[in-house]
Amino acid sequence: MSISLGRVAVTSLATVALLAPTLPAEAIIGGAPDRGEHPYVGQLLFYVPAAVDSRFDDPGGWFNCTGTLIDADTVVTAGHCTYAVGFEGAAPADPLLGGTDVWFSVEEEPDYSMLAPSSTYVPDRNEERYDDWSAALDASPTWHETESTFTHPEYVDAAFLLHDLGVLELSEPVVLPEYGSLPEADYLDRYAGKDRQRGLFESVGYGLEDSGPKFGLGGDTRRKADRRLVSLKGAYGYRDIAVMFSHRGSGTTGGTCFGDSGGPTFDITTSQIADDNIIVAVTSFGLNYNCNASGSYRIDQPDDLAFLEDPAGAYGS
């Protein structure tokens, strides 16, 4: 069994999953088009200077994740989607914070038409690719620049399950009639034990719709899927850290896959709760290449809520 990387690498205008044992994971498998239900959920496109793209002589890779606006300029996502993000094309002084090379779009089908295919830069023009793509994204009316990134201060990339939470602060507000909302502390405990059977949840993301060792289908379109809670006992020996949601089963319509990393899972058990847009977890990992099982990181723990309420303050600024 392997844990798969949830963010996806951008190749030309398509997304191709990067897979590696013991690394983070997660697109909506099955499910349905979002059709405007979650306008505050968007796609991240970001640049990691130290990442290796095998097509190029020099390092530097582009990736996709999903995130949720909780106000006009704050996006909640996974920690492995903000870690080591570039600062104006260079490695950040601290991989946990300060990155600016992230762009965010709330379009149901984000526009990539302004980006020249990566193949036109292979093999020795990777730096030029960054210059061209970042300039095009800055000029786009639908991609929003990031002023700074913050990764949970206790996040460790080699053990990403432990604090897989990140925040983007956008340079300009994205004004919408509603946003996602944070849960109260220990919110998910109400579904512990047998009570989990009464909970119904909905995951949203831009990831692949099907995946295997040598293929990936779909992606770059906002989709949703109803899911059931499997366990609050954690994963891989980390209790009360990861929360598992089923892909398919009684009362479910699908699951998550590559590119859904950082995307929200909402509590929709009742219409009243659903109207509150409560994010209970962010997509974190998958268990294999086929995305037939996955887990999310619960964000209702006190340390996570403290970080989300004041990301800069977590670093003393």
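# Exercises on a predicted model

A search of the whole structure finds nine salt bridges. The model you are looking at is predicted. Let us work through it piece by piece, beginning with these charged pairs.

**Exercise 1. Find the salt-bridge partner of D53, and decide whether each of the two residues is buried or exposed.**

Step 1. Locate the pair: D53 forms a salt bridge with R129, and their closest N and O atoms are 3.5 Å apart.

Step 2. Place both residues along the chain. D53 sits in the loop between β5 and β6, while R129 belongs to helix α1 (residues 126–139). The pair links distant parts of the chain, 76 residues apart.

Step 3. Check the accessibility. Buried means under 20% relative accessible area. D53 has 12% relative accessibility, so D53 counts as buried. R129 has a relative accessible area of 0%, so R129 is buried as well.

**Exercise 2. Describe the salt bridges of R190 and D189, and say which of the residues involved are partly exposed.**

Step 1. Begin with R190. Its salt bridge is with E184, the closest N and O atoms being 3.1 Å apart.

Step 2. Turn to D189. The side chain of D189 meets that of R298 in a salt bridge of 3.0 Å, N to O. This pair links distant parts of the chain: D189 is in the loop between β10 and β11 (201–205), R298 is in strand β20 (residues 294–298), and 109 residues separate them.

Step 3. Compare with the cut-offs: partly exposed lies between under 20% and over 50%. R190, at 31% relative accessibility, therefore counts as partly exposed. D189 has a relative accessible area of 41%, so D189 is partly exposed too. R298, with 3%, is buried.

Step 4. Add one more group: salt bridges that share partners join D34, E108 and R222 into one network.

**Exercise 3. Find the disulfide and work out its handedness.**

Step 1. Search the whole structure: one disulfide turns up. C65 and C81 form it, with their sulfur atoms 2.1 Å apart.

Step 2. Ask where the two ends lie. C65 is in strand β6 and C81 is in the loop between β7 (74–77) and β8. They are 16 residues apart, and the pair links distant parts of the chain.

Step 3. Read the torsion. About the S-S bond of C65 and C81 it is about -75°, so the disulfide is left-handed.

Step 4. Look at the surroundings: both C65 and C81 are buried.

**Exercise 4. Examine strand β5: how many of its residues are buried, and which strands are joined to it?**

Step 1. Count the buried residues. In β5 (residues 41–48), eight of the eight are buried, so the strand is largely enclosed by the rest of the structure.

Step 2. Follow the bridges to β6 (residues 61–71). Eight bridges join β5 to β6, and the two run antiparallel. G67 is the bridge partner of G42 in β6.

Step 3. Follow the bridges to β8 (residues 102–105). Here four bridges are found, again with an antiparallel run. Q43 has S105 as its bridge partner in β8.

**Exercise 5. Trace the open sheet of eight strands and name its edge strands.**

Step 1. Write down the order: β4-β14-β11-β18-β19-β20-β16-β15, with antiparallel pairing.

Step 2. Pick the edges. These are β4 (32–33) and β15 (229–231), each of which pairs on one side only.

Step 3. Zoom in on the β4 edge. Two bridges join β4 to β14 (residues 223–227), and P33 stands opposite R223 in β14.

**Exercise 6. Find out where D164 lies and what surrounds it.**

Step 1. Place the residue: D164 is in the loop between β9 (144–151) and β10 (166–170).

Step 2. Judge its accessibility. At 0%, D164 counts as buried, because buried means under 20%.

Step 3. Look for a polar partner. A polar atom of the D164 side chain lies 2.9 Å from the backbone nitrogen of H80.

Step 4. Survey the contacts beyond four places away in sequence. Among the residues that D164 touches are T77, A78, G79 and H80, as well as Y155 and Y297.

**Exercise 7. Sum up the protein chain as a whole.**

Step 1. Count the elements: there are three helices and 20 strands.

Step 2. Consider burial and surface. Of the 317 residues, 56% count as buried. The chain exposes about 12300 Å², of which carbon and sulfur atoms supply 52%.

Technical notes. Residues are numbered from 1 along each chain as its sequence is written. This is a predicted model: local features need pLDDT of at least 70, side-chain atom pairs count only at pLDDT 80 or more; totals for chains, interfaces and linings use all residues. Side-chain values use heavy atoms; hydrogens and water are left out. Buried means under 20% relative accessible area, exposed over 50%, partly exposed in between (1.4 Å probe, protein chains only). Two strands pair if DSSP finds at least two bridges between them. A polar contact is a pair of N or O atoms within 3.5 Å; within protein, one must be able to donate a hydrogen and the other to accept it, and residues adjacent in sequence count only if both atoms are side-chain atoms. Contact means heavy atoms within 4.5 Å. Accessible areas come from the Shrake-Rupley method with a 1.4 Å probe; for residues, only the protein chains shown count as cover. A disulfide is a pair of cysteine sulfur atoms within 2.5 Å. A salt bridge is a side-chain nitrogen of Lys or Arg within 4 Å of a carboxyl oxygen of Asp or Glu.
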